[in-house]
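Biologist: I have not looked at this one before. Can you put it up and take me through it?

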Protein chains: 4
Amino acid sequence: MRSVIPDYLAEALGDVASDTSGELAGYIPELAAADPEHLGAAFATVQGEVYGAGDIDTEFTIQSISKPFAYALALSDRGFAPVLASVGVEPSGEAFNQISLEDGTGRPLNPMINAGAITTHALVGPEGLKPAERVERVTDGLSAFAGRRLRADEAVCASEMEHAHRNLAIAHMLRGHDILTEDPRTVVDGYTRQCSVLVTARDLAMMAATLANRGVNPLTGQRVITEPVARQVLSVMFTCGMYDAAGDWATQVGIPAKSGVAGGLIGALPGQIGIATFSPRLDPHGNSVRGVSLFERFSSDMGLHLMGVPAAARAVVRSNHVVGSGRNALRVLQLQGGIGFAGAERIVREAVDSAFQEVGVAVDLTLVYSIDDVARRMVLEVARRLTLDGHEVHLVDPESLLPDPDPGDGGRVTVVETVAQASASVASIRRP
Amino acid sequence: MRSVIPDYLAEALGDVASDTSGELAGYIPELAAADPEHLGAAFATVQGEVYGAGDIDTEFTIQSISKPFAYALALSDRGFAPVLASVGVEPSGEAFNQISLEDGTGRPLNPMINAGAITTHALVGPEGLKPAERVERVTDGLSAFAGRRLRADEAVCASEMEHAHRNLAIAHMLRGHDILTEDPRTVVDGYTRQCSVLVTARDLAMMAATLANRGVNPLTGQRVITEPVARQVLSVMFTCGMYDAAGDWATQVGIPAKSGVAGGLIGALPGQIGIATFSPRLDPHGNSVRGVSLFERFSSDMGLHLMGVPAAARAVVRSNHVVGSGRNALRVLQLQGGIGFAGAERIVREAVDSAFQEVGVAVDLTLVYSIDDVARRMVLEVARRLTLDGHEVHLVDPESLLPDPDPGDGGRVTVVETVAQASASVASIRRP
Amino acid sequence: MRSVIPDYLAEALGDVASDTSGELAGYIPELAAADPEHLGAAFATVQGEVYGAGDIDTEFTIQSISKPFAYALALSDRGFAPVLASVGVEPSGEAFNQISLEDGTGRPLNPMINAGAITTHALVGPEGLKPAERVERVTDGLSAFAGRRLRADEAVCASEMEHAHRNLAIAHMLRGHDILTEDPRTVVDGYTRQCSVLVTARDLAMMAATLANRGVNPLTGQRVITEPVARQVLSVMFTCGMYDAAGDWATQVGIPAKSGVAGGLIGALPGQIGIATFSPRLDPHGNSVRGVSLFERFSSDMGLHLMGVPAAARAVVRSNHVVGSGRNALRVLQLQGGIGFAGAERIVREAVDSAFQEVGVAVDLTLVYSIDDVARRMVLEVARRLTLDGHEVHLVDPESLLPDPDPGDGGRVTVVETVAQASASVASIRRP
Amino acid sequence: MRSVIPDYLAEALGDVASDTSGELAGYIPELAAADPEHLGAAFATVQGEVYGAGDIDTEFTIQSISKPFAYALALSDRGFAPVLASVGVEPSGEAFNQISLEDGTGRPLNPMINAGAITTHALVGPEGLKPAERVERVTDGLSAFAGRRLRADEAVCASEMEHAHRNLAIAHMLRGHDILTEDPRTVVDGYTRQCSVLVTARDLAMMAATLANRGVNPLTGQRVITEPVARQVLSVMFTCGMYDAAGDWATQVGIPAKSGVAGGLIGALPGQIGIATFSPRLDPHGNSVRGVSLFERFSSDMGLHLMGVPAAARAVVRSNHVVGSGRNALRVLQLQGGIGFAGAERIVREAVDSAFQEVGVAVDLTLVYSIDDVARRMVLEVARRLTLDGHEVHLVDPESLLPDPDPGDGGRVTVVETVAQASASVASIRRP
């Protein structure tokens, strides 16, 4: 039953694999030497399930994807007021390498641009923390988001420090405005170390899922940040996460997101899912080419758009009960609402977790008003697996939401208009 | 039972009423002559319920709040491609009176600034429509969103045309870039007429609810726009709707919104609710002072933030069943999930719609993981009304989500840890 | 004697004639239909001499070259304070089609951009002038600068009004800021008429010479504007006249200048000369391609750079006297200072005006510290003509400012180190 | 005779002394501790005369006034092409603390902003020079401009380095764009040392006079830079020297200029004069308050505006001859042209240098068309001194350029209309 989503992901990866456009980040040798063919995608639900395909266990440096998480840690460690006093939340409408300081104050416009991220790094941990302790706090925090112990890539870190001219410029500028109060080089060193932490697509999906899950890591159950902090971080990712193409991303993809120059890209949909992709070639905005394509597809295929009416994940299975008794007993899964990825995933798990005694099983779509492409496939896969397990599967589908349903390879499904018809149909089966 | 939300709204209005800061829009005499003390707020759910307090039936001109709706109509009438070719979706990071045309092409950055809105107006209806017919189409469209026939205020319209220097400038500029292809004065005239349409806070709440309800007017059931159009409009409202304070609004309030200089302010939360406030004094950004305060409060009190985990409106009542029988029968309302405003509103209506036969009623919070302030009040109000109707109300609240519950005036509630305890408690009641 | 400068100009035109790069202004048919091969250049000295080569009597529309002159008229008619209150004097650092209004006030940054020029047009003549009277005042004023009656090209004017979208936009914007207080369309109509006035390169050279001559037309002797107005206009031309390449022009050419889209280009060097060129093909900045080349050459060949030490035009001939007597009489032209174009022109005229009785003539360069290329040619031409008139010409040149002097065709010159040597040389001549 | 100009300067200083507005540069303690009352002004002519009043021998740090001179040295040492490839010549239209790098290339817009000045410092001396050698070359160069050996203020230098956050930021940014290729901190250290060189107002006037004198120090006669370099530097000072008020300065004052935060301000008028003022309180642009007032006055009183028709300094004395003989001999100083400061200064010196034998002296203004206020005083002072020396002074002034001339204290002058009248007048004098 678990294979539906991985199959879908593998198919999506296959579709984008041929796109070799874009360039590796070339400003330091270590990044330029990456294998450009790496490709992976992972989903992590807020219940802690992880699905993936491709290179989801390959380590690469987190880079700018560390920004929202370090911002979350700073908000947690210092509180909202001092962080907002030092870093704004306004979109910059500018490319990632712009400085974008507020006139007069020198306050960086938001924490997703480098000026804001350098300032944010200096705000992690309590005041007065030594630089090395702060790096430790950042690494611990990122590890808590990921649910496993992370470590930095020392070679990348050293190499980036040698080419950190621009970040040093920014840090000196911030020091000149008293936004930073420490030695600029030390802060840039710590920030570079933060960006050099090694992660996998699996880690990133779980980190994003922690944001989507109101700050609680779905795997470890640890509350990493509070719900207001998670909300703040997701808001800023939505309006400022994708640099100067923020509006295009917000309308077309509609998922709070953040990319890194090593090829990672994450998205988080509150209450639903964390997503991560990995493919190192970048477009001129500095975002992973294939990663952007995959997110566009995920948003479209799975109805994950933030402005879509949220598929009510927990309640898509309105009831799970039995009508009739004995040989005529019919197990009824009554679904409801708009069924997107998260909802379908619930259905799959409800069917998997139960071991239905009844021969007849009806999936009742009467109260369903919409169903996405991926969810459709998942429902049919449920039907197929139930058939293979010996059940007679009926689809109660009065509005033909699933026209000509074909569960494929060994599956069989009978379409009816009411649960009563399903009962009658089951009752008519001759059994030895 | 209906009074809880109006009471809450009235209380909120009372709290902001003393704030007389801000100024009336002064650029035309008609707006400057408005009564600055008007104050109203209305909620419209995606099920079509409207709640309100204060001046919710006073008419005023829609002004810039017409922008997202005209954008929706243009997308509907022309399709996405031609509209996107003429108007972008990027935040401008600028004040509302900036021109913000894209370098080179002259394309307005987004449909929420005047340049974009003027262009959008010219894209409503099929190509080749005469100016008067287009105004008719716009008025019809706005009326469909509101669910009643709207009309323009001719005096305001005429007065605004006399002071439309800036909009005429913008229109001529757009004409120079061939973004507009018609006579600039005619387009500005039509756009001014669009802005002069008279609405009430009640209308605006319903218009916003139509966006929140995937394009279907919850009251009339009419599909005004498609779901993708609604999604696009909400996305653009979120990133571009509140001018140069977009980031503050996105993080603190987190509701796609739009304001107008006559004092209106709307917000729409997908799948949940449309909100409108009316108070004519404006802050320096051009947004209603009290309106902004009210939205900040609504967001905070009711968990309406877009990045909050969505309260699964349709399914907060997991089941509504009876355990036991005869005199021991206990009506159980089993709630689940995070309960926000929309969810609580469902509970109220479930309780109101039913006329429970059983004396014992248990509200079971075992599967609830969070409950907002407003929802808490609404649950207690349900308990109070049920007490007054002769029921014995039990709250199954093992995690003390409602500590020391006090339903007030005539209400009574017994807190237990399990449904079984509630059953036992009910069974023990001595009745004549 | 007069032919030296025309010959130089013809040679310069010949050198740039082969450059056919650039494009005709294409935004209205009348300009696009111009003959792109037109080429002319004219000099007018502050003494009223005009030298020219090529198409210097072909009429074309003055376009933006009218801007500095209309600015001069506005300053004359209204005084400095009201004009400066409406139009600034700061470089915009922007292309000619930018709006560049000052934040807040809407005041155009300078009178050389369209916004400033439209505002300036409305400030010509006394307050309360009717639009047609103002156009008459502008035409009269331009005519006074040129020294002949000018008239507008009605076809170009009508055609430009049809394409005046951008200027209408600007005028409406200015009206919105109350920088303009009249009907925007009427002002743009008058401004377009101003730009349609027909001039020749000869006219433009004289107009520029009037600015260079402290506001007095060197030909007619009419004081068109006061000296402070001329100074103001030249200052603004220097810093704002060549749009976004102002710095390049200021350093490389160093002449206050203004160009027009019909192919005209003028320069004025205070106290010395007015220059005009005509060649219709434009570079991307909107400046005449060959015109820019010609100015670069003039500046370099003739030492016309404003930051060059000014050649003291009136006094380059320190004395004109005779030493010795009878047959030994030697006419001595004692020159001094840095000799540039204007100074050399004085020498030529001093030699032409006088009819020297003495056979021996000495041109004494002892007190000269520099001499430009063009001046060098002119001095040698003086020597050639004096030889042809029967004089024995000596060049007193102890520092070899004119090494190996060759006056050419029929000329002869003897180089000596002192006037005494020249006297001795003359005395030794055997004559019948 | 020398006292006229110092008296004028003393009077001008007296007029501005009461203006105590503005603030000392406060960013480093050494500058904040300066005596705010210092006030001085000095003129240096291109002939090497220095006139001054007030604190013209007090040392202070040169600061940004070093920029044009270091630019001159870079152009000299490297040639135009490599310097222009690294630093532009366009006005920035921005405040002095803006970064103003060209989009894409990172090239500073001009050498007068800090980014350009830091880059320029690194271009002084041949390629490959060690940092300490470069500082030595800069100090030598500045000393050559001043005509005496200068040295740095080590305390100010050390203190500025401690507060050089912004310059370090800029240098790192330039390093990131490969505009700088050396260690950013080392370059900023050298640049700070350049800014810490101690000068007096007298030095600065001589440095400016060297620029005005085509690159030759008028005092030492040393050619410090070539004429094209002087022209380039003066051009850039004119368009970029006074930061964001460039246009106001260019129109109102009209003198290429540069200011420094220690209170110095210089101006240079090609072929005429170098000017320096010293007063430490600064306006919000960072320019000396009293310095700006003094320059406005000098420009107005002395006709020093670059767009004024240049007073032909070398030739204002058209002839100096004697008419008549014996007791009737009359010494005639025939003046001509427009007489400004520089011309008047020539007259004074002509009168001082000569020891006229004749009793009668006529100053002939017949060929003079204008005379400035300061020049008028100087001519009268000449008359006064001649009277005291026993001469009978006549002013030939047919156009009443000096109405009611009063040479003051002991002076006497007779006004006549022709030289012949002066002769007759002298002949009529009875002498023992």
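Modeller: One term before we begin: two residues are in contact if their C-beta atoms, placed from the backbone, lie within 7 Å. Keep in mind that this is a predicted model.

Biologist: Fine. Which residues of α3(B) meet α11(B)?

Modeller: On the α3(B) side they are B:P68, B:Y71, B:A72, B:L75 and B:S76. They meet B:V229, B:Q232, B:V233, B:V236 and B:M237 in α11(B).

Biologist: How many of the residues in that contact are nonpolar, and how many polar?

Modeller: There are 8 nonpolar and 2 polar residues, and no charged ones.

Biologist: And at what angle do the two helices cross?

Modeller: Roughly 145°, with the axes coming within 10 Å. The α3 helix of chain B covers residues 66–78. Its crossing with α11(B) is right-handed.

Biologist: Now the chains. How many residues does the contact between chain B and chain A take from each?

Modeller: Chain B gives 33 residues and chain A gives 34.

Biologist: Which element gives the most on the chain B side?

Modeller: That is α11(B), with 7 residues. The elements giving two or more residues to that side are α11 (227–240), α12 (246–252) and β9 (330–339) of chain B. By class, the side of chain B that touches chain A has 14 nonpolar, 14 polar and 5 charged residues.

Biologist: What rotation superposes chain B on chain A?

Modeller: A rotation of 180°, with 0.0 Å of shift along its axis and an RMSD of 0.1 Å. That is how a two-fold axis relates two copies. Of the contact residues of chain B, 100% recur in chain A, and the same surface serves both copies.

Biologist: What about chain D and chain A? How many residues are in that contact?

Modeller: There are 8 residues from chain D and 8 residues from chain A. The chain D side of it has 3 nonpolar, 3 polar and 2 charged residues.

Biologist: What turn lays chain D on chain A?

Modeller: A turn of 179° with a shift of 0.2 Å along the axis, giving an RMSD of 0.2 Å. The C-alpha of chain D nearest that axis belongs to D:A169, at 1.9 Å. All of it works through one surface: 100% of the interface residues of chain D are also interface residues in chain A, so the copies meet through the same surface.

Biologist: Which chains have no contact with each other?

Modeller: Chain A and chain C are not joined by any contact, and their closest C-alpha atoms lie 15 Å apart. No contact joins chain B and chain D either, with their closest C-alpha atoms 15 Å apart.

Biologist: Going inside, how many residues are in the largest nonpolar core?

Modeller: It has 550 residues. Those with the most contacts inside it are A:A208, B:A205, B:A208, C:A208, D:A205 and D:A208.

Biologist: Take C:A208. What is it in contact with?

Modeller: Setting aside neighbours within four places in sequence, C:A208 is in contact with C:A44, C:I266, C:G267, C:A268, C:G274, C:I275 and C:A276.

Biologist: Now a lysine. Is C:K67 buried or exposed?

Modeller: C:K67 is buried, because 30 other C-beta atoms lie within 10 Å and 20 or more is the cut-off for buried. C:K67 is found in helix α3 (residues 66–78) of chain C. Not counting residues up to four places away in sequence, C:K67 touches C:P111, C:M112, C:A117 and C:K258.

Biologist: And where is B:I170?

Modeller: B:I170 sits in helix α8 (residues 165–176) of chain B. B:I170 is buried, with 32 other C-beta atoms within 10 Å. B:V188 is 18 residues from B:I170 along the chain, and their C-alpha atoms are separated by 9.2 Å.

Biologist: Last topic, backbone angles. What is phi of D:D178?

Modeller: Near 60°, a positive value in a residue other than glycine. D:D178 lies in the loop between α8 (165–176) and α9 (184–195) of chain D. D:D178 is exposed, with 11 other C-beta atoms within 10 Å.

Biologist: And phi of A:D404?

Modeller: Phi of A:D404 is near 45°, also positive in a residue other than glycine. A:D404 is in the loop between β11 (392–396) and β12 (414–416) of chain A, and is exposed, with 6 other C-beta atoms within 10 Å.

Methods. Residues numbered from 1 in each chain as written. Chains lettered and ligands numbered in written order. Predicted model: local features only at pLDDT ≥ 70, side-chain atom pairs only at ≥ 80, totals over all residues. Nonpolar A, V, L, I, M, F, W, Y, C, P; charged D, E, K, R; others polar. Helix = DSSP H or I, 4+ residues; strand = E, 2+ residues; numbered from the N terminus. Least-squares fit on C-alpha atoms with pLDDT ≥ 70 in both. Core = buried A, V, L, I, M, F, W, Y, C linked by C-beta atoms within 7 Å. Buried ≥ 20, exposed ≤ 12 C-beta atoms within 10 Å, placed from the backbone. Axes fitted to C-alpha atoms, helices over the stretch in contact; angles between N-to-C directions. Left-handed = near helix turned anticlockwise from the far one by under 90°.
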